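Please look at the enclosed spaces in the structure shown here, and at the residues that surround them.

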Amino acid sequence: MAADNTLMTLGQYGQLLDGYKEALNQSILAISPESWQPTLASILPTHWQEWLIPLAGGPFFLLFLAEWFYQSKRGKSDSFSWRRTMTNFSLGGSYLGFELVVHALIVLPICLWLYQYRLFTIEVTWLTAIPIFVAVEFSYYWFHRASHRVNWFWSAHVVHHSDDYMNLSTAMRQSLLYSVTGWWIFFVPLMMLGVHPVWVFFFYALDLIYQFFIHTETVEKFPKWVEYIFDTPSNHRAHHGTNGAYIDQNYGGVLIVFDRWFGTYVEEDTIHNPVKYGAVGEDSHDNVINLIFGVFCRMWQRFFRAKGVKKKLKVLFHAPSAASPKSN
C-alpha cells in the first residue's frame with residue numbers, strides 16, 4: 001500500500017509540473033510572432049523534465065555575479081573579466097538553444113524509437129531514483145572519458161577546456177557540437193535496459209546542474225570523506241589542469257568513485273603543482289565561432305587529407321594527441 005501511495009504521489013507531482021510546463025510553452029507562443037509559432041510549437045519541450053537546464057540559466061548567471069563580487073572583495077578578481085564572461089555565457093546560450101532544437105527534432109524521437117525494444121520497464125520511484133542516477137553518472141563517466149580519449153568527441157569537448165581561468169562562468173563554456181558528435185549515445189544502454197529516455201535525460205540534467213557549482217576557486221577542499229566520494233571543486237580543478245599529472249584525470253560528474261575504481265583519479269596539489277588551466281595545444285581566446293568550430297574543422301581537414309580508410313578512421317577515433325599535436 002505504501003508503495004502505491006508513493007507512486008501516486010510521484011504521478012500527481014508530475015502532473016503538476018506538466019501543468020507548469022504547458023503554461024510556460026503557451027506563454028512563449030503567445031508573445032511570439034504568429035509566423036514563428038508553428039516552428040516553436042514543434043521544438044518546445046514536450047515533457048517538464050526538458051525545461052530543467054534552460055530554466056537554470058538565469059540563476060546560474062546571478063550566482064556567478066555573486067561569486068565575482070565575493071572574490072573581488074577578497075582581492076581575487078584576476079580570473080574575472082566581462083569579455084570572458086560574455087564569451088562563456090554566449091557559448092552556453094548557443095549550446096542550450098541548439099540542444100533544445102536537436103533534442104526535440106532528432107535525439108528524443110530516435111531514443112523513443114529505441115526504447116520500444118527495451119528489455120524491461122524500469123519505473124522511476126523514490127526507491128529507484130538513486131540507483132538510476134548512479135547508472136546515469138556511470139554512463140556520464142564513460143562519455144566524459146571518451147571526450148578526452150577520442151578525437152571525434154574531443155572536437156566538441158575542447159571548448160569547455162579552452163578557458164585559462166576558472167570560475168562559475170567556465171561551466172557555461174559548452175559547444176553546440178555535442179549533439180552533432182552524439183553525447184547521447186552513451187546513455188542509450190540505460191534506455192534499452194528499461195529507463196524511459198525522458199528520465200535518463202532528466203537525471204543527466206541534474207548531473208550537469210551539479211557540475212556548475214564545482215567550477216570555482218572560491219571553495220578550497222571539503223572533508224576527506226566528501227573528497228573521496230564526490231566530484232568537488234578541488235577534484236574538478238585538477239581535471240581542468242594542463243599540468244602533466246592532471247591531464248585526462250577525474251572524469252566524474254557528481255561522483256569521483258568511478259575514477260578511483262578505474263585508475264583515472266588524481267588529487268589536486270595546490271602547493272607543489274598548482275593547476276594551470278586550459279586545453280593543451282589550444283589558445284584561450286574569445287572568438288566564439290573559432291572556439292566552436294576550430295578543432296572540429298581542423299579534424300575534418302586532416303580526415304580528407306589522410307590517405308586510406310585506416311588513416312582516416314585514425315583521425316576521427318584515436319586520441320587527440322595521436323591525431324595531431326595541435327588538438328591534444
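**Enclosed cavities and their linings**

The count comes to 2 cavities of 30 Å³ or more, where a cavity is a set of points, on a 1 Å grid over the protein atoms alone, at which a 1.4 Å probe fits but cannot get out, and lining residues have an atom within 4 Å of a point. This is a predicted model, in which local features need pLDDT of at least 70 and side-chain atom pairs count only at pLDDT 80 or more, while totals for chains, interfaces and linings use all residues. Residues are numbered from 1 along each chain as its sequence is written, and side-chain values use heavy atoms, with hydrogens and water left out.

The largest cavity has a volume of about 380 Å³, a volume being the space filled by probe spheres set on the points, which are joined across faces, edges and corners. It is lined by 24 residues, of which Tyr 95, Ala 171, Gln 174, Leu 208 and Gln 211 are the closest to its centre. Two or more lining residues come from each of the helices H3 (52-73), H4 (82-115), H5 (129-149), H6 (151-161) and H9 (197-212), helices being DSSP runs (H or I, at least four residues) numbered from the N terminus. H9 gives the largest share of this lining, 5 residues.

The second largest cavity holds about 260 Å³ of space. Of its 17 lining residues, Glu 50, Ile 53, Pro 54, Glu 99 and His 103 are the closest to its centre. Here the elements that give two or more residues are H3, H4 and H9, and the largest share, 6 residues, comes from H9.

Definitions and conventions: 1 Å grid on protein atoms, 1.4 Å probe; cavity = no way out; pocket = protein on both sides within 12 Å on 5 of 7 lines; lining within 4 Å.
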